[in-house]
Amino acid sequence: MNGIEATGRIVINLFTTLDGVAQAPGGRDEDTSGGFRFGGWQAPFEDEVVGGEIMSGLTRVEALLLGRRTYDIFSSYWPLHTDNPVGERYEAIPKDVATRNQSLDLPWRDSTRVGDDLAAEITTIRARHRETHVWGSLDFVQALFAEQLYDELHLWVYPVVLGEGAKVFPAGAMPSRLRLIEPPLTGASGATLLRYAPLPGEPETGTVEA
């Protein structure tokens, strides 16, 4: 640990469809890569339970940890909406951006590049902040999944199937095990929050017998 006491938590937050698509939930033009046609698929599912949980998380988050693409989306939107509680909070806290581009411009207040030694940098982030949130950042979270560099995965699963788009666990994802740490929470829209923690080791196998 190089003398650094790591006590904080890394919490990954993802909105996903029943078929595991997590691309561009928030807006039509959020991410059209791959010809994705359903940007903003989450918007019709207004839900007080979802909103309440997001606001609850907002009271705990002390830093953001984002992939490059999600950082670009957030930094072009939230600084213009600081009259919103989410925008106000995000403006006030540090932002770490996972990218190997050392010359990348980071215009958002209190933004820092990480990515040269992710495991060591995560240890430092944990030591600095009691709770750091990852939102979206699908490419980046694959590295967190593969190396189990996170403490909780919060999956909001929505009752819709898209049949296309980037997925939470794409083909080739690292085999892994997780455990449900709280009972599922379902809102009036049918969106269900599943909270998981990683378990060590690969999935076990066996034979189901009568």
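## From overall fold to buried strands and salt bridges

Read from the N terminus, the elements of the protein follow the order β-α-β-α-α-β-β-α-β-α-β-β-β-β, which amounts to five helices and nine strands. The model is a predicted one, and what follows should be read with that in mind.

The overall dimensions come first. The C-alpha trace spans about 60 × 45 × 35 Å along its principal axes. For 210 residues, a compact globule would have a radius of gyration near 17 Å, and the value for the protein, 17 Å, agrees with that. Of these 210 residues, 44% count as buried, while the exposed surface comes to about 11400 Å², with carbon and sulfur atoms supplying 50% of it. Among the contacts with a separation of 6 or more, 71% are between residues 24 or more positions apart.

A good place to enter the fold is strand 2, residues 63-67, in which five of five residues are buried. In a regular strand the side chains alternate between the two faces of the sheet. In strand 2 both faces are covered, with Ala 63, Leu 65 and Gly 67 buried on one side and Leu 64 and Leu 66 buried on the other.

What does strand 2 pair with, and in which sense? With strand 5, residues 131-135, strand 2 pairs in the parallel sense over two bridges, and the bridge partner of Ala 63 in strand 5 is Thr 132. With strand 3, residues 95-98, strand 2 again pairs in the parallel sense, here over four bridges; Leu 65 stands opposite Asp 96 of strand 3, and Gly 67 stands opposite Ala 98 of strand 3.

Strand 3 is likewise covered on both faces, Lys 95 and Val 97 being buried on one side and Asp 96 and Ala 98 on the other. Four bridges join strand 3 to strand 4, residues 111-114, and these two strands run parallel. Asp 96, which stands opposite Leu 65 of strand 2, has Thr 112 as its bridge partner in strand 4, so that following the bridges of this residue leads the reader from strand 2 through strand 3 to strand 4.

Strand 1, residues 9-17, holds Thr 16. Is Thr 16 buried or exposed? Thr 16 is buried, because its relative accessible area is 3%, and buried means under 20%. The side chain of Thr 16 reaches the backbone oxygen of Val 21 at 3.5 Å. Apart from neighbours within four places in sequence, Thr 16 is in contact with Val 21, Ala 22, Trp 41, Leu 155, Trp 156, Val 157, Tyr 158 and Val 168.

The charged side chains offer another route through the model. Side chains of opposite charge can pair when their charged atoms come close. The count of salt bridges comes to 12, and one of them is between the side chains of Glu 152 and Arg 9, at 2.1 Å from N to O. Glu 152 lies in strand 6, residues 152-158, and Arg 9 in strand 1, so this pair ties together parts that are 143 residues apart in sequence. Glu 152 counts as buried at 13% relative accessibility, whereas Arg 9, at 26%, counts as partly exposed.

A salt bridge within a helix joins Arg 68 and Asp 72, whose closest N and O atoms are 2.9 Å apart. The two residues are four apart in helix 2, residues 68-77, and are therefore separated by about one helical turn. Arg 68 is partly exposed, with a relative accessible area of 34%, and Asp 72 counts as partly exposed at 32%.

Arg 177 forms a salt bridge with Glu 204, the closest N and O atoms being 3.9 Å apart. Arg 177 lies in strand 7, residues 177-180, and Glu 204 in the segment after strand 9, which covers 192-199, so the pair ties together parts that are 27 residues apart in sequence. Arg 177 is partly exposed, with a relative accessible area of 26%, and Glu 204 is exposed, with 66%. Elsewhere, salt bridges that share partners join Arg 9, Arg 60, Glu 131 and Glu 152 into one network.

Technical notes
Residues are numbered from 1 along each chain as its sequence is written. This is a predicted model: local features need pLDDT of at least 70, side-chain atom pairs count only at pLDDT 80 or more; totals for chains, interfaces and linings use all residues. Side-chain values use heavy atoms; hydrogens and water are left out. Buried means under 20% relative accessible area, exposed over 50%, partly exposed in between (1.4 Å probe, protein chains only). Two strands pair if DSSP finds at least two bridges between them. A polar contact is a pair of N or O atoms within 3.5 Å; within protein, one must be able to donate a hydrogen and the other to accept it, and residues adjacent in sequence count only if both atoms are side-chain atoms. Contact means heavy atoms within 4.5 Å. A salt bridge is a side-chain nitrogen of Lys or Arg within 4 Å of a carboxyl oxygen of Asp or Glu. The radius of gyration is taken over C-alpha atoms; the globule rule is 2.2 Å times the number of residues to the power 0.38. Accessible areas come from the Shrake-Rupley method with a 1.4 Å probe; for residues, only the protein chains shown count as cover.
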